[in-house]
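Q: Please take a close look at a single helix, covering what flanks it, which way its side chains face and how it meets its neighbours.

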Amino acid sequence: MADGEGKRSRFGGRADAPERVLALENGPQGALGVAPQMRAVRRNGWTPALRQKFLETLALTCNVSEAARVVGRNLSTVYYLKRRDPAFARAWKQALSIGHEELRALMLRQALFGTEDEEIVLDGEGAVKSRKIRRGHPHMIQALLFRAHEKEVEEMQRLESVERPDGEDAVERLRVALDEVRKREVGG
């Protein structure tokens, strides 16, 4: 038997193919599924570039279905990878967090500065017949933002109501405390 003949690799010969790439992935071993192991990345598998594109699309759209469509995967495959790979699940959560912050900033901008819609009416020849710009302030967005930040606002108000050392009445409180100390010294 020639050298290397009759021997099968751990991956059944697939990993030795020139187009195959070995990657360190979190396998399904252990209670948390975090045991690293070398696996051959399938030809149609989740390459690092494909994962990155999925996560970038998820951060931009906050839409898992759209991100899966962009990378050419179905939802069950995407969710299976999320369950199987804790690092990918963390990156998924971070991408959604970034996307939600972007949406919140956009809604806040619309609530503060309003929105503009331009309507252009063309005549039969394609020339502009009329142009109408509608401006508005979406009050529903304001209500949603206030509701979302209600707890934060309440916490800020609670912290502001606590006596602070740099508050406006700090000098007066200090004088009262010093007077009490002097009274104790004289009386003691």
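A: In α2 (64–71), the buried residues (under 20% relative accessible area, 1.4 Å probe, protein chains only) are Val64, Ala67, Ala68 and Val71. They line one face of the helix, because they fall within an arc of 100 degrees when seen down the axis of α2; the arc is taken from the directions from the helix axis to the C-beta atoms. An α-helix has 3.6 residues a turn, so residues three or four places apart point the same way. This is a predicted model, in which local features need pLDDT of at least 70, side-chain atom pairs count only at pLDDT 80 or more, and totals for chains, interfaces and linings use all residues. Residues are numbered from 1 along each chain as its sequence is written, and side-chain values use heavy atoms, with hydrogens and water left out.

The buried residues of α2 pack against α1, α3 (75–84) and α4 (86–113), where contact means heavy atoms within 4.5 Å. Helices here are DSSP runs (H or I, at least four residues), numbered from the N terminus.

With α3, the packing angle is about 105 degrees and the axes are 9 Å apart; axes are lines fitted to C-alpha atoms over the stretch in contact, and angles run from 0 to 180 degrees between N-to-C directions. α2 and α3 are therefore roughly perpendicular (65 to 115 degrees). Val64, Ser65 and Ala68 of α2 meet Leu75, Val78 and Tyr79 of α3.

At the start of α2, a side-chain oxygen of Asn63 comes within 3.0 Å of the backbone nitrogen of Ser65. Cys62, in the loop between α1 (48–61) and α2, has a positive phi near 55 degrees although it is not glycine. Just after α2, Gly72 has a positive phi of about 75 degrees.

Definitions and conventions. Helix = DSSP H or I, 4+ residues; strand = E, 2+ residues; numbered from the N terminus. Buried < 20%, exposed > 50% of the residue type's maximum accessible area, 1.4 Å probe, protein only. Polar contact = N/O pair within 3.5 Å; in protein donor to acceptor, adjacent residues only side chain to side chain. Parallel < 35°, antiparallel > 145°, perpendicular 65-115°, else oblique.
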